[in-house]
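User: I'm a first-year student and I'd like a close look at one part of this model. Could you walk me through the place where two chains, A and B, meet?

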8 protein chains.
Amino acid sequence: MDSPLVAIVMGSRSDLPVMQGAVDTLSAFGVPNEVKILSAHRTPQETAEWVRGLETRGVQVLIAAAGGAAHLAGVAAALTLLPVLGVPLQSPALGGIDSLLSIVQMPAGVPVGTLAIGQPGATNAALLAVAILALSRPDLRKKLADYREEQRKKVLASSP
Amino acid sequence: MDSPLVAIVMGSRSDLPVMQGAVDTLSAFGVPNEVKILSAHRTPQETAEWVRGLETRGVQVLIAAAGGAAHLAGVAAALTLLPVLGVPLQSPALGGIDSLLSIVQMPAGVPVGTLAIGQPGATNAALLAVAILALSRPDLRKKLADYREEQRKKVLASSP
Amino acid sequence: MDSPLVAIVMGSRSDLPVMQGAVDTLSAFGVPNEVKILSAHRTPQETAEWVRGLETRGVQVLIAAAGGAAHLAGVAAALTLLPVLGVPLQSPALGGIDSLLSIVQMPAGVPVGTLAIGQPGATNAALLAVAILALSRPDLRKKLADYREEQRKKVLASSP
Amino acid sequence: MDSPLVAIVMGSRSDLPVMQGAVDTLSAFGVPNEVKILSAHRTPQETAEWVRGLETRGVQVLIAAAGGAAHLAGVAAALTLLPVLGVPLQSPALGGIDSLLSIVQMPAGVPVGTLAIGQPGATNAALLAVAILALSRPDLRKKLADYREEQRKKVLASSP
Amino acid sequence: MDSPLVAIVMGSRSDLPVMQGAVDTLSAFGVPNEVKILSAHRTPQETAEWVRGLETRGVQVLIAAAGGAAHLAGVAAALTLLPVLGVPLQSPALGGIDSLLSIVQMPAGVPVGTLAIGQPGATNAALLAVAILALSRPDLRKKLADYREEQRKKVLASSP
Amino acid sequence: MDSPLVAIVMGSRSDLPVMQGAVDTLSAFGVPNEVKILSAHRTPQETAEWVRGLETRGVQVLIAAAGGAAHLAGVAAALTLLPVLGVPLQSPALGGIDSLLSIVQMPAGVPVGTLAIGQPGATNAALLAVAILALSRPDLRKKLADYREEQRKKVLASSP
Amino acid sequence: MDSPLVAIVMGSRSDLPVMQGAVDTLSAFGVPNEVKILSAHRTPQETAEWVRGLETRGVQVLIAAAGGAAHLAGVAAALTLLPVLGVPLQSPALGGIDSLLSIVQMPAGVPVGTLAIGQPGATNAALLAVAILALSRPDLRKKLADYREEQRKKVLASSP
Amino acid sequence: MDSPLVAIVMGSRSDLPVMQGAVDTLSAFGVPNEVKILSAHRTPQETAEWVRGLETRGVQVLIAAAGGAAHLAGVAAALTLLPVLGVPLQSPALGGIDSLLSIVQMPAGVPVGTLAIGQPGATNAALLAVAILALSRPDLRKKLADYREEQRKKVLASSP
């Protein structure tokens, strides 16, 4: 099996159903990916080691998803030079505005490219990762164009 | 002069002082860039043409900044397969929460990697663009590592 | 069949149950209308063409509904001189405050007359469209007066 | 002097500097207009009488601006069949989110087409009024097209 | 039957289940009350007449409940010198923050004493009305003291 | 000098400039009042004693103003059967939304009639207190009617 | 049975299911604790007495949970020199942002260490209490380290 | 000089003016303290090492202050068993609600005791640290009682 180009990390196994959208999208594009459960707060050491090892293993984009005081994406971004994309997960009390602000409001110096809260964000993180990879992979660019075309057709077919 | 690798578009000339942070950061990394004032609402046609032409001209990352009902990044993302990064600008009435939500809450299918509101977001959009370019440019990766190292030293030197 | 005076566009077929309130209200007033599914992000070209063609086909008011980073109404308003009314749809994470701000906070120059989030907004967009048409159609003005009278009676009859 | 086609009402004289943007825009389009200070709370009777008299005097669109618990637009909309446009004004404590929600979240039955908070909303209310009037006045449609063209040129001329 | 001392008005029959809490509380205190469905927007004339007639009929406190762009309490307060208490109702999209701000943020000159969103607000509006009446009715003051005492006992009895 | 009918309490001397609006309004109505600085958190004992003594001293309405985690009004309401009115003060970080929610969202059983954030709330708390006192004082009712009439005239005189 | 080192107070029996998380966590650490239902608003006297008695009885940390206008933690903090930890409970209308701001935004002088809204906050209040006790109890420090280790292992075991 | 009992860490030298309130308060209580500038994002390695070393050096409480996507407190809490207190700093765009949610909404397992946004939070973090230390230091308990008494007197002396 191919070594992963995109790594997806999330703070808890319970985040997987939402983040499966990212996994499935990457797989549909034939992008080898890896899914990892690691917590910025419960496994700081392992998170740091895993993030630091990504580049050597050939990973090119990191997607990090978390909810509430969502530090995972920012913590990871501090430890790698790879582009890091963040997916804020819905939180039971505040709908995910806490997750969003915790991820997007990074100080100058360490960026996290943040996507929408929840399901659309999971899919879009994968698509943005594909767009990044496509810069040097014409085959992925072609698949992305096809995906857009398919989306286009689906919308056009849906008028009542 | 080199053809631009990163294009920066904003809705109004008055956004330039904030977005100059992105320009300066890119220039500091030696990344050729282009700055354009175009409005999703006031120049929709020219915006569409300009965005559609980016890829052919060799641009690899698009940074779009806007405030209020900030549609520029999403509109651009709909018209290109390039990675699009969005910078929400502070708005006079609501501080920029309107700009942020208008940019980040994109529906599944068309991603915008969103950065922080205002100045830190401008700098970070440039840094994320550099990180993306660095995937195929070891020299940029090296400069990014140096930039991080410099940041590190500055923080360490600042304890009272 | 009469050519439509009001066009209703929404980003996804799943928005139709809410927007049916606008369709039904227009139909109750005998205002010929047209419903279209088009996405500012997934079908930008077709959206532009469709919006640009509205005036020639005799449409007088455009109603656009979207959720999240809701760009459809603003994008349409940039492409037509017709009055554009926006309906922010409820969003799963943030209840629709994202949709509302994305539609209402338009910059000076390109207005969108925004209605309430969700169901009441759908009905009211239709009623505002009728009020606009009624400026030159005394029959519609009469029907609007009757509608108000009916509402009045319903409220008065409902005290326990 | 021509009888007014658009009436602008606001709750306090202190709102005039912001709403002057609406007056100036209407005047630039040659649309006769009338400015009135009336409060839904301090002059309910006079407000009701003035609103009820608008239609007879030939007014075609009503623009109402208010801040905080901004009831003026909704109260007016309840008393006339004319299209009512609302401008939420910035409030000292909450930036105008209170004004916005008080105006836009109208119940089904009585619509207020709401514009952006503050200055952009004032200009846009005038432009939307012009767009409504332009449906039966080709000269206004022409002026609106010219205005858009001017805006377009200004944006295009502003790239650095 | 005694003439009502407290009048409760709400914009729609569907608000009654929540406002029944106010009715029941007043009845438990033996305070004659009247419940009325009237809408600031759908029955402005009847609302004005009904509010203007309250004082003559001996009503001493008015409780007004509404949701969304909740104008009923403010509109009523503009038309009577009686103390007006407002109950913001939960709204489907925004949880009632719109209702709250629309009621509480009244401009200087016309006060509405605002209670909590929804059920607790309904009960508390009744209790505040009783406290106001109790200023000249020692029997009500006594009942209020008893009510507090009962509450106290209930809490004290509930520790596990 | 007359014994006070309305007591105004606030958490800090720095709140006085805003609350002076309440004092001045009461004085303009000839309502004897008392101003006290007491903190729910820094002087809990003295606050409790002072609140418990109000009724015996003939005070009929209590106005409590505080900012941030604004507990003063609720704490006072728990200790007296008098009607308690709350004024949320603007807070430096969050504009006063914290103060507002801390005062208005009281649980069922202990009501606080809450006014607008800051200056308008201060004036309106005094006016609501006057409206309450006016229920048994025809002279105050007359003055309140005069005040409204004056307000009315001021608004009517202010149209440009 | 051992005298309690941590006391947990909440405003209503209905808060117990959420706060049971704090009880269970303390019990798992072998920390004797006491649960009390007391309301800042319904039982102010008993609350004050109970809080004032805590220190004498050997309690070292107080955990207070409340929702809405959540005054319990702040009121308690005003009456004891013990460290007070606050748990904001979810509220039906606003999700708990009201509870959070009412607890965390305390004025300088009387601190409440505030935890997350709802369930995670309940668990974390207990853990922070344990961390405080552990400063002088090596056995608790050891258990805390074990707890962290267990958490670590659980996360590590959960990757798919 | 005594070895520090409380350590204060913040992400940037520019945070010092606000956090000086914590330093001054600790010094006024005679609590030896240490101030450190370290960033969770710019100096992750040094932050981790410094936090891990605190306990051995005899530090008993850690205060961490940050703004925006404020990860410092949570990151530190993950690396030490000491009680961690968080101070959310005001942010230019959103007033500090982003900082607050990023700090307080920690997942179950790793608590941060969060104080108010900005200046009051800085002072209160120090006071809560003192309260924690006072559990085993009667001299500090006495000073805390004196501080409260002084506060009490200042409030009592400030009534006009």
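Analyst: Let's start with some vocabulary: helices (H or I, at least four residues) and strands (E, at least two) are DSSP runs, and they are numbered from the N terminus. One caution before we go on: this is a predicted model, where local features need pLDDT of at least 70 and side-chain atom pairs count only at pLDDT 80 or more, while totals for chains, interfaces and linings use all residues. Residues are numbered from 1 along each chain as its sequence is written, chains are lettered from A and ligands numbered from 1 in the order in which they are written, and side-chain values use heavy atoms, with hydrogens and water left out.

Now meet chain A. It has six helices and five strands, and along the sequence they come in the order β-α-β-α-β-α-β-α-β-α-α. Its radius of gyration (taken over C-alpha atoms) is 16 Å, close to the 15 Å that the globule rule (2.2 Å times the number of residues to the power 0.38) gives for 160 residues, so chain A is as compact as a globular protein of that length. Along its principal axes, the C-alpha trace of chain A spans about 45 × 40 × 30 Å.

How is chain A related to chain B? With copies superposed by least squares on the C-alpha atoms of residues with pLDDT of at least 70 in both, a turn of 180° and a shift of 0.0 Å along the axis lay chain A on chain B with an RMSD of 0.0 Å. That is the relation of a two-fold axis. Counting contact as heavy atoms within 4.5 Å, 100% of the interface residues of chain A are also interface residues in chain B, so these copies meet through the same surface.

On to the part you asked about. Buried area is the accessible area (1.4 Å probe) that two parts lose on being put together, summed over both. The contact takes in 41 residues from chain A and 41 residues from chain B, and the two chains bury about 3,300 Å² between them, with 62% of it on carbon and sulfur atoms. Three residues stand out here: Leu81(A), Leu135(A) and Arg148(A) supply 21% of the area that chain A buries against chain B, more than any other three residues.

What about charges? A salt bridge here is a side-chain nitrogen of Lys or Arg within 4 Å of a carboxyl oxygen of Asp or Glu. There are two salt bridges between chain A and chain B, one of them joining the side chains of Glu55(A) and Arg141(B) at 2.2 Å, N to O. Then come the polar contacts: pairs of N or O atoms within 3.5 Å where, within protein, one must be able to donate a hydrogen and the other to accept it, and residues adjacent in sequence count only if both atoms are side-chain atoms. Across this interface, 17 residue pairs are in polar contact (both at pLDDT 80 or more).

Which elements of chain A give two or more residues to the side that touches chain B? They are helix 4 (97-104), strand 5 (113-114), helix 5 (119-134) and helix 6 (138-156) of chain A. Helix 5 of chain A gives the largest share, seven residues. If you sort that side of chain A by class, you get 29 nonpolar residues (Ala, Val, Leu, Ile, Met, Phe, Trp, Tyr, Cys and Pro), three charged ones (Asp, Glu, Lys and Arg) and nine polar ones (the others, Gly among them).

While we're on chain B, there's a salt bridge inside that chain too. Lys142(B) pairs with Asp146(B), with the closest N and O atoms 2.9 Å apart. These two residues are four apart in helix 6 (residues 138-156) of chain B, which means that they are separated by about one helical turn. Over all chains, the whole structure holds 56 salt bridges.

For contrast, look at chain F and chain H. A turn of 90° and a shift of 0.0 Å along the axis lay chain F on chain H with an RMSD of 0.0 Å. That is the relation of a four-fold axis. Here 13 residues of chain F are in contact with 12 residues of chain H, and the pair buries about 1,100 Å².
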